[in-house]
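Please open the model in your viewer and keep the sequence beside it, since each stop below asks you to select something and then look at what is there.

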Amino acid sequence: MATGELGGRSAEKLFSLSGLFAVYKPKGPTSAAVLNLLKERLLAEAGVQTKDKKRKRQALKIGHGGTLDSAATGVLDQVTKSDLENVLQKFTGDIMQVPPLYSALKRDGERLSTLMKRGEAVEAKPARPVRVYSLSLRQFQPPLFTLDVECGGGFYVRSLVSDIGKELSTCASIQELTRTKHGPFTLEEHALHEDRWTIDEIARSLEHCMSLFPGEQSHKKFKTELPGETAVSCEDK
C-alpha cells in the first residue's frame, strides 16, 4: 500500500470523527497544551501538513469541557479533624462562591490570570451561585488534608479550600488536584492516556463515550464554528 493512500484513508477517518471522548491530563501541562499535543499527534498520524497554523486550526477542531488546574490538598494549622468535618457541612448544597483571581475568567477579553502575570490590578469577580452535591474528608494528616468533592459547573476547588481555611480562622491552599469524573466520564474507565492517542483508539473511545448519552444526543452532529471544520470535543482529566 502506498504511503499516500494510507495517509489519505487515515485523514478521511480522522475528519469523519465527531463527538465526545475523554483523555488523561497529567500534572504539569495546561489543558490547552494537552489539546495542542493531541491535535499534533492525530494530524501527524493522518499525514496532514501542519506548517500553516491557521489552516491547521480550520482543518481540525478539538476543544475541552473545562480548564483543569494543575494543582488541591489543603494546608492547615492547629485544626482538629472534628473542626474540619463540621466546617465542610457549610459548603455543601447551593452556596455562593467568589472565583479566585488567578483563573480563566476574563476581563475585556483577557484571562484574569494573564493580567495578574503582567502585574496589572485585578478586582475579584462578584460571588455567584454554585452547587456542591457532596463534600467529604478522605484523609486528615495535619497539616495536610484530602477532600472528595462532587460539584456542578463553574465551581472552583481553589476557592473552596481558601474559604475553608478562613472559616477555621486560619489559611489553606491547594497542593494537588485530580479530577476523577466529568459528567459520565471517569478517570479509570474513559480517560485516554497519551500512549493511546491514535485515530483508531479515539474512534473506539468516541463510540463508547457517546453511548453514555441519551439516544438523541449520542447521534447528534456537533456544530462547528467555521465551514469545513470537524468538531471533536474531549473532556480533559
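Begin by selecting S136 in strand β7, a residue of this predicted model, and look across to strand β8, where D148 stands opposite S136. Widen the selection to the whole of β8, residues 144-151, and you will see that β8 runs antiparallel to β7, with eight bridges joining the two strands. Follow the chain from one strand into the other, and you will pass through the turn of a hairpin, in which two residues lie between β7 and β8.

Next, keep β7, residues 128-141, on display and add strand β4, residues 93-97, which pairs with β7 in the antiparallel sense over five bridges. To find a place where these strands face each other, select I95, which stands opposite V130 in β7.

Now turn to helix α4, residues 81-88, and select L84, V87 and L88, which are buried. Looking down the axis of α4, you will find that its buried residues fall within an arc of 105°, so they line one face of the helix. What do the buried residues of α4 pack against? Show their surroundings, and you will meet the two strands of the hairpin, β7 and β8, together with helix α6, residues 157-167.

Finally, select the whole protein chain, whose secondary structure comes to eight helices and twelve strands. Of its 237 residues, 35% count as buried, while the chain exposes about 14,100 Å², of which carbon and sulfur atoms supply 49%.

Conventions: Residues are numbered from 1 along each chain as its sequence is written. This is a predicted model: local features need pLDDT of at least 70, side-chain atom pairs count only at pLDDT 80 or more; totals for chains, interfaces and linings use all residues. Side-chain values use heavy atoms; hydrogens and water are left out. Two strands pair if DSSP finds at least two bridges between them. Helices (H or I, at least four residues) and strands (E, at least two) are DSSP runs, numbered from the N terminus. Buried means under 20% relative accessible area, exposed over 50%, partly exposed in between (1.4 Å probe, protein chains only). Accessible areas come from the Shrake-Rupley method with a 1.4 Å probe; for residues, only the protein chains shown count as cover. The arc is that of the directions from the helix axis to the C-beta atoms. Contact means heavy atoms within 4.5 Å.
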